[in-house]
Amino acid sequence: MYLKSIIKGIIGTAVLFGFYFVVITLISGRQFALEQFSAFWYFVVSLAVGFGIQIGLYSYLRSAIHQNASKGALVFSGTTSTVAMISCCAHYLANILPIIGVAGAISLVAQYQIQLFWFGLAANLAGIGYIASKIIKFSKNHAKY
């Protein structure tokens with residue numbers, strides 16, 4: 001059960017990395033994606049690893065209780081992590097999107113990219129804490145029987 005959860009967490013981390021590089025590469029090219037990763041690697045790695053940890057914990061919890069656990073925290077923080085990772089380069093979408101309203105929104109996101117990274121990290125920690133508390137609660141209740 002542990003190994004399967006760890007593998008799912010590693011896969012979740014890899015998928016988020018892949019998504020980051022594909023989106024940034026499609027928007028601005030491979031070289032730019034590598035430059036952005038070089039500049040913000042500590043945020044990108046932290047967000048992806050945090051997401052992977054949540055996937056692993058959720059997988060463990062789900063298999064431990066053999067029923068559906070709440071997916072809300074995982075979905076929320078995973079989405080936030082993805083948005084934060086991509087926000088560092090979102091303003092380059094303005095090059096391919098002629099709609100001024102969309103370009104304005106992208107510029108706003110790009111202006112607050114560091115704050116979005118921090119928000120994504122906080123959401124990751126909250127998601128990890130939430131799922132971990134459910135595992136602890138399940139373990140305590142299960143130990144009584």
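Analyst: Let's start with a cut-off: a residue is exposed when its relative accessible area is over 50%, and buried when that figure is under 20%. Keep in mind that we're looking at a predicted model.

User: Okay, so why is V15 called exposed?

Analyst: V15 comes out at 53% relative accessibility, and the bar for exposed is over 50%. The value clears the bar, so V15 counts as exposed. You'll find V15 in helix α1.

User: What makes the surface patch around V15 nonpolar, and which residues are in it?

Analyst: The patch is made by L3, I7, I11 and V15, and has an area of about 390 Å². Val, Leu and Ile are on the list of nonpolar side chains, which are joined within 5 Å, and a patch residue needs over 30% relative accessible area. V15's 53% is over that mark, so V15 passes on accessibility.

User: How much can I trust helix α1, going by pLDDT?

Analyst: Helix α1 spans residues 2-28 and has the highest mean pLDDT among the elements, 89. The lowest is 55, for helix α3 at residues 72-87. Over the whole protein chain the average is 75, with 66% of the residues scoring at least 70. Go carefully with residues 88-103, where pLDDT stays under 50. For that stretch the model has 23 contacts beyond four places in sequence.

User: What is the overall pattern along the sequence?

Analyst: It reads α-α-α-α-α. That's five helices and zero strands.

User: How do you know that parts distant in sequence come together?

Analyst: Take the contacts with a separation of 6 or more: 74% of them are between residues 24 or more positions apart. For a specific case, Q54 and G127 are 73 residues apart along the chain, yet their C-alpha atoms are separated by 6.7 Å. Y58 and A132 are another example, 74 residues apart in sequence with 8.6 Å from C-alpha to C-alpha.

User: And why are Q54 and Y58 called buried?

Analyst: The cut-off for buried is under 20%. Q54 sits at 0% relative accessibility, so it counts as buried. Y58 has 8%, which is also under 20%, so Y58 counts as buried too. Helix α2 holds Q54, and Y58 lies in helix α2 as well.

User: What about S59, buried or exposed?

Analyst: Its relative accessible area is 10%. Since 10% is under 20%, S59 is buried. S59 belongs to helix α2, residues 30-65. Leaving out residues up to four places away in sequence, S59 touches S5 and K8.

User: Let's do aromatics. How many pairs are there, and what makes F40 and F117 a tilted one?

Analyst: Ten aromatic pairs turn up in a search of the whole structure. In the F40 and F117 pair, the rings are 5.5 Å centre to centre with 40 degrees between the planes. Centres within 6.5 Å make a pair; under 30 degrees would be stacked and over 60 edge-to-face, so 40 degrees leaves it tilted. The pair links distant parts of the chain, with F40 in helix α2 and F117 in helix α5, 77 residues apart.

User: Why is the pair of F43 and F117 called stacked?

Analyst: The planes of F43 and F117 are at 5 degrees and their ring centres are 4.6 Å apart. That angle is under 30 degrees and the distance is within 6.5 Å, so the pair counts as stacked. This pair also links distant parts of the chain: F43 is in helix α2, F117 is in helix α5, and their positions lie 74 residues apart.

User: How do you know whether those rings are buried or exposed?

Analyst: Set each value against the under-20% cut-off. F40 has 12% relative accessible area, F43 has 5% and F117 has 0%. Each figure is under 20%, so F40, F43 and F117 are buried. They belong to one aromatic cluster made up of F40, W41, Y42, F43, F117 and W118.

User: Where does G120 come in, and why is it called buried?

Analyst: G120 is in helix α5, residues 113-143. At 0% relative accessibility, under the 20% cut-off, G120 counts as buried. From G120 to F43 is 9.1 Å, C-alpha to C-alpha, although 77 residues separate them in sequence.

Terms used. Residues are numbered from 1 along each chain as its sequence is written. This is a predicted model: local features need pLDDT of at least 70, side-chain atom pairs count only at pLDDT 80 or more; totals for chains, interfaces and linings use all residues. Side-chain values use heavy atoms; hydrogens and water are left out. Helices (H or I, at least four residues) and strands (E, at least two) are DSSP runs, numbered from the N terminus. Buried means under 20% relative accessible area, exposed over 50%, partly exposed in between (1.4 Å probe, protein chains only). Contact means heavy atoms within 4.5 Å. pLDDT is the predictor's confidence in each residue, from 0 to 100. Patches are made of residues with over 30% relative accessible area and no salt bridge: like charges are joined within 9 Å, nonpolar side chains (Val, Leu, Ile, Met, Phe, Trp, Tyr) within 5 Å. Accessible areas come from the Shrake-Rupley method with a 1.4 Å probe; for residues, only the protein chains shown count as cover. A salt bridge is a side-chain nitrogen of Lys or Arg within 4 Å of a carboxyl oxygen of Asp or Glu. Rings of Phe, Tyr and Trp (its six-membered ring) pair if their centres lie within 6.5 Å; planes under 30 degrees apart count as stacked, over 60 as edge-to-face and the rest as tilted.
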